[in-house]
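Here are my notes after going through the model you sent. I've kept them as numbered points so you can check each against the coordinates.

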Amino acid sequence: MHTYEPVSTPRDGLRLHLNENTAGCSPAVQAAIHALSRQAVSSYPDYAAARAACAQRLGVNAERLLLTNGLDEGILGLTGTALKGATSSEVIILVPAFDMYAAAADGLGASVVQVPLAEDFAFPHDRLLAALTPRTRLVWLTNPNNPSGRIIPREAILAVADAAPQALVAVDEAYADFSGETLLGSDAFETRNNLVVGRTFSKAYGLAGLRVGALIGNAALLAAVGRIVPPYSINACAAAALPAALADTGYYDWYRAEVEQSRRLLYVTFDRLGVTYWPSQANFVLVRPAGDCAALVRALAARGIHVRDRSRDTHSVNCFRVTAGVVADTAAFITAFEEVLCGAA
Ligand SMILES: *Cc1c(COP(=O)(O)O)cnc(C)c1O
């Protein structure tokens, strides 16, 4: 059985375990929430402004955009749509992967087909094509990948979409804000009706607590997803916050620059200490320490630094994932990491 394992949430300390924006949301978002009228709270929300702002920022036609309650809801809705009316369906995921894909597929009765990533988490092109069957209804690609941070070449994504006309090919771009690589706006994407892109505003925009994401794809497909996703699934606070978050491009650019500098600081540290890691295009880095990873993660937690232990996943053995957020937070992680490593040596 595949389940979404809730991550324990520390009450205090530095949260570097869920790839959140470690600086918080833009002050403009907080102001927009404060400015909500009592009537805005007592009314069913209207999404026209949020949808238009989102379509404009992402450079897509609003007809090809569906806002969802976090991308998680988009994953659930898309899975339901892909499986509708089919029996003995298969959903392909590349592992290690974000847990929601398998949890949703399993929960809705499909078989989960796991295709391991290649050496060093590279895209397993041939293995993935070989896993496609007439029963394949949905293929999940995460670009950049979570937890490795690696990019999938665009040609590889298009090749999968073309090889699987019987399936939906979903490209989860939760971290595309950090990589700068997206299918959005390309002819190759707009002309393939079985390709759909997922985005979230939880990570770069810092709205994880408000729950807002988006699916982008052909209008008929999104209309089908919209029959599964409830009509008012995004609350009024999130609908008011999204345009404010999208408009504050200064904050967004500042945060992306912090993340980039944090990644560089982490690489320098890991290189100096001889620790294995994978260069990342996202706001996190996957690390494989030489010693007992779980013990290291516990020792960091005891110092108030929370990272994600991935060591029990057979596809990321002895690895942990650390969020690259604001530079000061990364510096705090580095200090604790060196203490723990040297103390254990
Ligand atoms: C965080 C994350 C999501 C979920 O985002 P929400 O919008 O917060 O639901 C989806 N996919 C991946 C790969 C993620 O890491």
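1. Start at Arg199, which stands opposite Ala214 in β8. That pair belongs to a stretch where β7 (residues 195–200) and β8 (residues 213–216) run antiparallel, joined over 4 bridges. Keep in mind that this is a predicted model.

2. Both strands sit in an open sheet of 7 strands, ordered β2-β8-β7-β6-β5-β3-β4, with mixed pairing. At its edges are β2 (65–68) and β4 (111–116), each pairing on one side only. From one strand to the next, the twist averages 20°.

3. What lies across this sheet? Helix α4 (residues 70–83) does, and the strands it crosses are β2, β3 (90–95), β5 (136–142), β6 (168–172), β7 and β8. Its direction is about 155° to that of β5.

4. Now the ligand. There are 14 residues around it, and Asp172, Tyr175, Thr200, Ser202 and Lys203 come nearest. Ser202 also has a side-chain N or O atom 2.6 Å from an oxygen atom of the ligand. Leu71 and Asp72 take part through the backbone: a backbone N or O atom of Leu71 is 2.6 Å from a ligand oxygen, and for Asp72 the corresponding distance is 2.9 Å.

5. There is another open sheet, with 5 strands in the order β1-β11-β12-β10-β9 and, again, mixed pairing. Its edge strands are β1 (14–16) and β9 (276–278), each with a pairing on one side only. The twist here averages 30° from one strand to the next.

6. Helix α12 (residues 249–273) packs on that sheet and touches β9, β10 (284–288) and β12, with its direction at about 15° to that of β10. Helix α13 (residues 293–302) lies across β11 and β12, at about 155° to β11.

7. Within the 5-strand sheet, β11 (residues 305–309) and β12 (residues 320–323) pair in the antiparallel sense over 2 bridges. Which residue is the bridge partner of Asp309 in β12? Phe320.

8. Phe320 turns up again in the largest nonpolar core: of its 116 residues, Phe320 and Phe333 touch the most other members. Helix α11 (residues 236–247) supplies the largest share of this core, 7 residues. As background, nonpolar side chains in soluble globular proteins tend to be buried together. If you look at one residue here, I'd pick Phe320, since you meet it both as the bridge partner of Asp309 and in the core.

Technical notes. Residues numbered from 1 in each chain as written. Predicted model: local features only at pLDDT ≥ 70, side-chain atom pairs only at ≥ 80, totals over all residues. Heavy atoms only, no water. Core = buried A, V, L, I, M, F, W, Y, C linked by side-chain atoms within 4.5 Å. Buried < 20%, exposed > 50% of the residue type's maximum accessible area, 1.4 Å probe, protein only. Pairing = 2+ DSSP bridges. Axes fitted to C-alpha atoms, helices over the stretch in contact; angles between N-to-C directions. Contact = heavy atoms within 4.5 Å. Near = heavy atom within 4 Å. Polar contact = N/O pair within 3.5 Å; in protein donor to acceptor, adjacent residues only side chain to side chain.
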